[in-house]
Amino acid sequence: KPIVAIVGRPNVGKSSLFNRIVGARIAIVEDMPGVTRDRLYQDAEWQGREFTLVDTGGLDFAEDVITAQIRKQAELAIKEADAILFLVDAREGLTSIDQEVAGVLRRTDKPVLLVANKVEQFDQSKISYFDFYQLGLGDPIPVSAAEGLNTGDLLDQLITLLPQPDEDPYPPDTIRIAVIGRPNVGKSSLVNAILGEERVIVSSIPGTTRDAIDTPFERGGKNYVIIDTAGMRRRKKIDLPTERYSVVRALRAVDRCDVTLMLIDATEGVAEQDKKIVGYAHEKGKAIILVANKWDLIEKDDKTMNKFERKFREELPFLSYSPILYISALTGQRLPKVLEMVDFVVEQASKRVPTADLNNLIREATQATPPPADKHRRLKIFYATQGGVKPPTFILFVNDPELMHFSYQRYLENQVRSTYGFEGTPVRFFLRRRE
Ligand code: GDP
């Protein structure tokens with residue numbers, strides 16, 4: 001999916017525009033406790049074209065200096081997005097920071113749309129927003145993100161500039177593994193260790209995108225691809241300390257994978273960015289394995305693993321279904337478990353529950369704990385069926401979907417999991433009204 005980045009200085013209305021564009025979408029996404037709230041990314045769609053919108057403003061916490069930060073933000077967007085929305089404030093007019101950012105953006109061949117925000121009344125706004133022509137980025141598109149004025153026109157223009165989606169070149173049975181984690185967590189070490197033991201079919205290819213290296217390999221008659229987000233660094237010899245945790249790169253890898261290996265440095269714990277990325281993988285319905293690496297550096301007694309497990313569960317409450325592996329990419333400890341677990345969670349994510357069994361289970365569950373009710377009626381589940389796999393998706397035909405409660409849905413999920421497992425994979429429920 002193409003990535004569209006919103007760039008601009010603070011207070012120009014980046015989050016308003018973000019929310020305006022993805023608004024309709026957010027409403028359908030369930031509000032799940034524990035899933036990260038401050039979304040930097042969200043899928044959006046316009047006229048049937050899908051893209052992922054990224055608010056780059058949130059990607060960088062390191063710098064205090066605004067100008068430097070914005071500059072970096074723009075550079076990041078240039079490097080990793082497919083199109084850029086450069087947002088300026090028509091009420092305030094042109095500022096020197098805008099000029100600086102424009103200077104950076106002019107150097108790219110990626111499409112940049114100059115968007116003049118806070119134009120609530122088109123005729124009055126002329127005064128300030130014509131200044132923006134000076135930026136040399138073409139016609140400013142006037143919008144009001146807050147009121148949704150002209151944002152449709154903006155999106156019309158945007159989608160014509162997006163690249164066509166990549167074709168995935170692998171056979172459909174290929175298990176695609178994304179290796180995610182912040183710099184230095186051991187991604188390259190793990191990838192090398194895994195590939196060292198397996199039959200690599202062709203040498204690494206620069207993926208279908210420019211931001212990961214794909215390495216197809218075969219094991220026990222099965223096809224795999226490792227999507228290695230650290231691979232580009234090795235190619236380009238980018239030195240470690242300056243490497244950032246590239247959220248965009250990670251999101252793209254997650255999008256293309258069947259299984260996300262979320263690497264966590266056992267000596268450092270779960271990072272904020274880890275939570276966001278793995279939250280994205282969860283929302284995308286991807287199987288997820290938590291991999292605590294550098295286990296060799298941890299001083300251990302008989303309670304250490306439990307302690308770590310508790311901490312991980314606490315920090316990633318929405319991933320209660322994910323297995324955790326404690327490995328050392330360096331010494332090879334438990335390395336063989338990694339691919340075993342990959343196979344296992346893919347199998348779990350592909351499992352189908354026979355309809356009769358599912359309906360028995362739901363019936364028993366609703367008898368044990370009655371569904372929620374409002375003043376007038378109780379939720380009634382007439383019939384359940386599994387609508388799909390990867391992730392397992394269940395459709396419940398009910399009298400009124402509005403009567404469902406998050407807690408009751410969680411209860412049903414737990415019932416399904418206690419019988420069928422589904423380890424490592426999110427499961428979904430959809431409610432349909434039956435007349
Ligand atoms: P990446 O940035 O995530 O690709 O991380 P690298 O694979 O480049 O590893 C970063 C550093 O951590 C290197 O010096 C590795 O040797 C080291 N490292 C990786 N895995 C382990 C491990 O399991 N144990 C220890 N002690 N060091 C590790």
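This talk describes selected features of a predicted model: two sheets, one helix pair, the surroundings of the ligand and two backbone details.

Let me begin with the six-stranded sheet. The sheet is open, its pairing is mixed, and its 6 strands follow the order β2-β3-β1-β4-β5-β6. At its edges lie β2, residues 41-46, and β6, residues 141-142, each of which pairs on one side only. Within this sheet, strand β4, residues 83-89, and strand β5, residues 112-117, run parallel and are joined by 6 bridges. As one example of the register, D89 has N117 of β5 as its bridge partner. A helix also packs on this sheet: α3, residues 96-105, touches β1 (3-7), β4 and β5. The direction of α3 makes about 165° with that of β4.

One backbone detail belongs to this region. The loop between β2 and β3 (49-55) holds Q47. What is the sign of phi at Q47, which is not a glycine? Phi there is positive, at about 50°. For context, most residues other than glycine have a negative phi.

I turn now to the second sheet. Here 3 strands form an open sheet with mixed pairing, in the order β14-β15-β16. The edge strands are β14, residues 381-388, and β16, residues 428-433, and each of them pairs on one side only. Direction ignored, neighbouring strands of this sheet are turned by 25° against each other on average. Between β14 and strand β15, residues 393-398, there are 6 bridges, and the two strands run antiparallel. The bridge partner of Q386 in β15 is F394.

The loop between β14 and β15 contains P391. The peptide bond that joins K390 and P391 is cis, with omega at about 0°. Again for context, most peptide bonds are trans.

Next, the helix pair. Two packed helices are described by the angle between their axes and the distance between the axes. In this model, helix α8, residues 247-256, packs with helix α9, residues 272-283, at an angle of about 25°, and their axes are 10 Å apart. Why is α8 called roughly parallel to α9? The term applies because angles under 35 degrees count as roughly parallel, and the angle of α8 with α9 therefore makes the pair roughly parallel. The crossing of α8 and α9 is right-handed. On the α8 side, the contact is made by V247, A250, L251 and V254, and on the α9 side by Q273, K276, I277, Y280 and A281. By class, the residues of this contact comprise 7 nonpolar, 1 polar and 1 charged.

Finally, the ligand. How many residues surround the ligand, and which are the closest? There are 16 residues around the ligand, and the closest are G186, K187, S188, S189 and L330. Which helix gives the most to this shell? Helix α6, residues 187-197, gives the most, with 3 residues. The composition of the shell is 6 nonpolar, 7 polar and 3 charged residues.

That concludes the presentation.

Methods: Residues numbered from 1 in each chain as written. Predicted model: local features only at pLDDT ≥ 70, side-chain atom pairs only at ≥ 80, totals over all residues. Axes fitted to C-alpha atoms, helices over the stretch in contact; angles between N-to-C directions. Helix = DSSP H or I, 4+ residues; strand = E, 2+ residues; numbered from the N terminus. Parallel < 35°, antiparallel > 145°, perpendicular 65-115°, else oblique. Left-handed = near helix turned anticlockwise from the far one by under 90°. Contact = placed C-beta atoms within 7 Å. Nonpolar A, V, L, I, M, F, W, Y, C, P; charged D, E, K, R; others polar. Near = placed C-beta within 6 Å. Pairing = 2+ DSSP bridges.
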